[in-house]
Amino acid sequence: MANRPALSTAEGGEADARSKISDSFSFLDVLHANQFEGEFVEPQHAEQVEENFYRGAPPNWLNFYISEQAVSDGNATPFIKRDGYETLKEQIHLRRKGPGTSTIKLFHQQGCGGTTLAMQVLWDLRKTFRCAVLTGSTLDITKVAQHVVSLFTAGSHGHQKTVLLLLNDEFILDILQDTIMEEIAEQDIEIDLPVVILLNCVRSSDGIIHQKARSYELKQKFKTKMRKSIILKKALSDREQADFDMKKEELGRRFGDRCKQFHGFNILQSNFSQAYIRNACATLEHIKRTNKPLKMQLAAFLCLLNAYVPGSYLLESQCLDFLRRDKFGHLSLEDQMQPFSHLIVTFQQGERSEKKVRMAHNMIAQCCTELLANAGVTRSDTTRHFLNSFCRSYVPPYLLGFIKDMLNKREITVIEDPTHGIKEWKEKFSRLIQDITKREDEGNSLSILIMASNKFYEVSLFPQTLARFYYIQLEDYYNAEIWAKEAKRRAPWSSFVADTLGQVHKSHLKKMPVYTRPSEILQLAQKAIEAFEDEEKLAKNEHAKGKQGDGNVKVLRALNTRGLFGYLEVCSLLYDHLIRHDELWKQVLTRTVSLDSVLKSTGDRNIVRFKELINSLRDLVEKRFEFFDTFLTYSYSVVKRDDSFYISRKTIECYKKYVGDAEPNDQLQKTFHKLKQKLAVTSPGVLSCLERCTRSDTKDIAVWWKEICQHKHSATHALLNYVLANIMLINLKEPPSSSDYQSSFTDKMPLAPEMQPRVSHVSSAVVLAYRW
């Protein structure tokens with residue numbers, strides 16, 4: 001008789017899970033501490049489950065149970081433990097100290113066994129933690145958090161136990177952790193142990209895996225025990241190779257010739273051999289473009305999906321519906337798909353879920369896609385045919401997600417440059433669109449994106465990508481503007497969608513020929529500026545709302561600064577274009593002379609229409625520069641190093657153009673102008689003196705701020721900047737500009753009586769804090 005489902009407890013025992021683990025846990029696949037214990041598993045069913053796994057189906061909990069039982073009976077070698085197994089377990093155990101939440105990431109290349117490793121660790125720790133896999137939608141973070149907390153508290157207060165949750169979505173980690181702790185606080189639950197450890201399984205490109213490995217090697221010298229991530233590469237160590245070879249002998253004895261079709265296992269055992277993959281895919285080498293039966297078309301669809309979208313699949317019912325148009329529609333899927341059946345796996349994840357179909361391995365999918373293309377079955381033809389066949393009316397959310405990734409998701413490329421170190425950038429388009437453009441032509445990529453934009457008429461992502469293709473690849477700004485506006489119409493609330501229209505106009509402005517009239521330049525610049533200003537407003541709204549999903553969860557949204565940065569880029573381009581016509585524009589844009597001064601020399605009276613825009617540029621450029629100077633100074637850790645340098649360089653470049661060299665007549669304004677030229681007119685600017693100013697400049701900055709402080713109407717921030725400038729001098733081992741800067745601070749900003757004894761330590765404390 002099967003045991004009742006149980007959860008592990010804090011005392012190392014087990015609690016009855018019947019009252020807690022039920023249909024309400026629709027977001028979690030909970031692994032019981034006593035999973036399958038006392039159950040009878042039909043030998044034929046067990047063999048089929050094993051065979052599916054070795055052929056390439058994803059693992060399920062029964063695979064690990066069957067393996068354990070076979071080892072205990074002396075009939076099999078243990079389930080292979082990859083090199084990252086012990087390290088991952090160790091890192092999880094290190095996170096058992098202290099309340100709250102924590103994360104550990106497992107980076108792995110697609111098809112190298114990362115998910116299997118993660119599930120294996122959960123299986124082996126099922127009696128130590130309450131283990132589960134996040135299987136539901138990540139859109140409703142509140143529900144996910146509630147389920148995690150329910151799992152943590154299941155079995156009353158005395159039976160609380162840390163949850164070990166496996167999830168694939170890298171982008172919800174911070175939000176999920178915050179929401180779980182909000183749920184704990186809302187339920188007034190007292191905790192003295194970790195609520196959850198999030199094991200994030202992240203499929204990554206070869207370049208990112210290489211970068212992570214190099215980064216870890218560099219950090220090894222610090223000997224830190226706690227690691228943020230574990231890396232699983234698409235390569236076997238000698239120890240792993242020996243284990244796979246031993247397992248291959250065992251499988252040969254048990255399954256005979258069927259092992260030849262265990263592609264999922266054999267690819268790993270062959271250490272990802274291209275020769276093995278080419279041999280496995282030989283069936284498709286002699287395909288004729290003119291002879292495309294339905295089964296070959298379906299194989300092409302699956303190959304395309306699995307080659308470009310990790311983890312993608314089709315439902316078995318969808319595949320059978322597609323094949324029913326054939327005269328053999330009454331046969332099983334496996335029979336109908338001959339001679340391609342051995343390259344395809346059908347599997348079920350959970351008793352209540354539908355059966356899914358995919359290629360046995362993504363490397364097989366990639367090889368088959370290439371062979372089909374060589375035979376004339378192109379990627380573009382397959383994509384169009386797939387969209388027409390499987391997206392006729394209602395498209396289920398999971399399939400729409402795969403199509404979005406296939407046509408829109410841009411990968412990050414990482415290379416190691418001998419001179420500049422590791423460099424990374426986001427590709428311009430998805431891998432499929434780039435491959436079609438490169439191997440076929442731009443027209444096919446364009447037609448597919450137009451088709452998707454029209455077919456999915458409510459989704460903003462497709463017209464957004466189409467607009468980007470028009471302006472980046474084809475430099476067709478007219479159609480790019482049309483589709484960017486269409487994307488905006490579909491998602492009028494999204495600042496990220498709105499950004500595309502600004503980028504279209506900015507790119508157009510950048511490509512304008514030298515002979516373009518100033519009024520035409522100004523007209524296009526105004527369109528770009530208005531687009532980026534609109535994006536800024538939307539970004540502020542998104543940031544202010546701080547809500548997601550059902551509106552009950554507070555989410556700290558990162559502020560989208562692309563509109564602010566795009567504005568400065570446009571102003572910089574506008575400046576360069578106009579002074580190319582006439583150097584007098586320098587003085588107009590810096591407001592040293594009026595617009596009338598340039599009207600006579602240009603002969604373009606239409607520029608009068610843009611007088612308000614021209615007069616506003618300098619102030620608005622200064623305002624946005626000051627934002628970025630503050631943002632990059634105080635938020636350095638959240639901005640990538642290369643991005644930070646690039647943004648800083650471009651914003652400074654634009655700022656200096658509009659500040660100009662001409663000094664005002666007023667003495668106070670003249671001093672402020674000098675500070676602007678040295679980028680030290682704000683507190684963040686003064687703090688940055690150590691990085692971008694000489695010793696002489698820093699001394700001048702301290703003197704100038706002192707002059708401003710001595711003015712009878714000086715503001716409080718002037719005094720603070722004066723003190724900061726002197727602290728910067730001390731950091732440079734230079735004497736302060738004046739010995740009275742501390743007394744000036746205490747005179748103008750007196751402290752409460754109880755704090756008076758500590759006044760003398762104010763400056764030294766700030767110095768130490770800044771140095772630290």
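Over the ring of which residue does the charged end of Lys-356 sit? The legends below take this and other close-ups in turn, and every view comes from a predicted model.

**View 1. Two charged side chains are placed over aromatic rings.** The ring beneath the charged end of Lys-356 is that of Tyr-313, with 4.6 Å to the ring centre. In the second example, Arg-468 lies over the face of Phe-429, and here the distance to the ring centre is 5.3 Å.

**View 2. Phe-64 and Trp-123 form one of the aromatic pairs.** The count of aromatic pairs comes to 28. For Phe-64 and Trp-123, the ring centres are 6.3 Å apart and the planes meet at 25°, so this pair is stacked. The pair joins distant parts of the chain: Phe-64 belongs to helix α2 (residues 61-72) and Trp-123 to helix α4 (residues 114-124), with their positions 59 residues apart. Are these two residues, Phe-64 and Trp-123, buried or exposed? Both are buried.

**View 3. Ring pairs build an aromatic cluster around a dozen familiar side chains to look for.** Linked through ring pairs, its members include Phe-36, Phe-53, Tyr-54, Trp-61, Tyr-65 and Phe-79. Phe-244, Phe-255, Phe-262 and Phe-265 are also among them, as are Phe-64 and Trp-123 from the previous view.

**View 4. Strand β8 (residues 229-232) is lined up beside strand β4 (residues 100-109).** The two strands pair in the parallel sense, over 4 bridges. Opposite Ile-231 of β8 you will find Phe-107. Follow the side chains along β8: Ser-229 and Ile-231 point one way, Ile-230 and Leu-232 point the other way, and all of them are buried.

**View 5. Helix α14 (residues 362-374) packs against several neighbours.** With 13 residues at 1.5 Å a residue, α14 should span 18 Å, and its end C-alpha atoms are indeed 18 Å apart, which agrees. Its buried residues include Asn-362, Met-363, Ile-364, Cys-367, Cys-368 and Leu-371. The packing partners of the buried residues are α9 (263-269), α10 (274-280), α11 (294-308), β11 (356-359) and α15 (379-390). Just past the helix, Gly-376 adopts a positive phi of about 100°.

**View 6. The whole protein chain gives the close-ups their setting.** Here you can place the views among 34 helices and 15 strands. Of the chain's 772 residues, 51% count as buried. Among contacts with a separation of 6 or more, 71% come from residues 24 or more positions apart. The accessible surface comes to about 38,100 Å², and carbon and sulfur atoms hold 50% of that surface.

Note on methods: Residues numbered from 1 in each chain as written. Predicted model: local features only at pLDDT ≥ 70, side-chain atom pairs only at ≥ 80, totals over all residues. Heavy atoms only, no water. Phe/Tyr/Trp six-rings, centres within 6.5 Å; stacked < 30°, edge-to-face > 60°. Buried < 20%, exposed > 50% of the residue type's maximum accessible area, 1.4 Å probe, protein only. Lys NZ or Arg CZ within 6 Å of the ring centre and 35° of its normal. Pairing = 2+ DSSP bridges. Contact = heavy atoms within 4.5 Å. Areas by Shrake-Rupley, 256 points an atom, 1.4 Å probe, with all protein chains shown as cover. Expected span 1.5 Å × (residues − 1).
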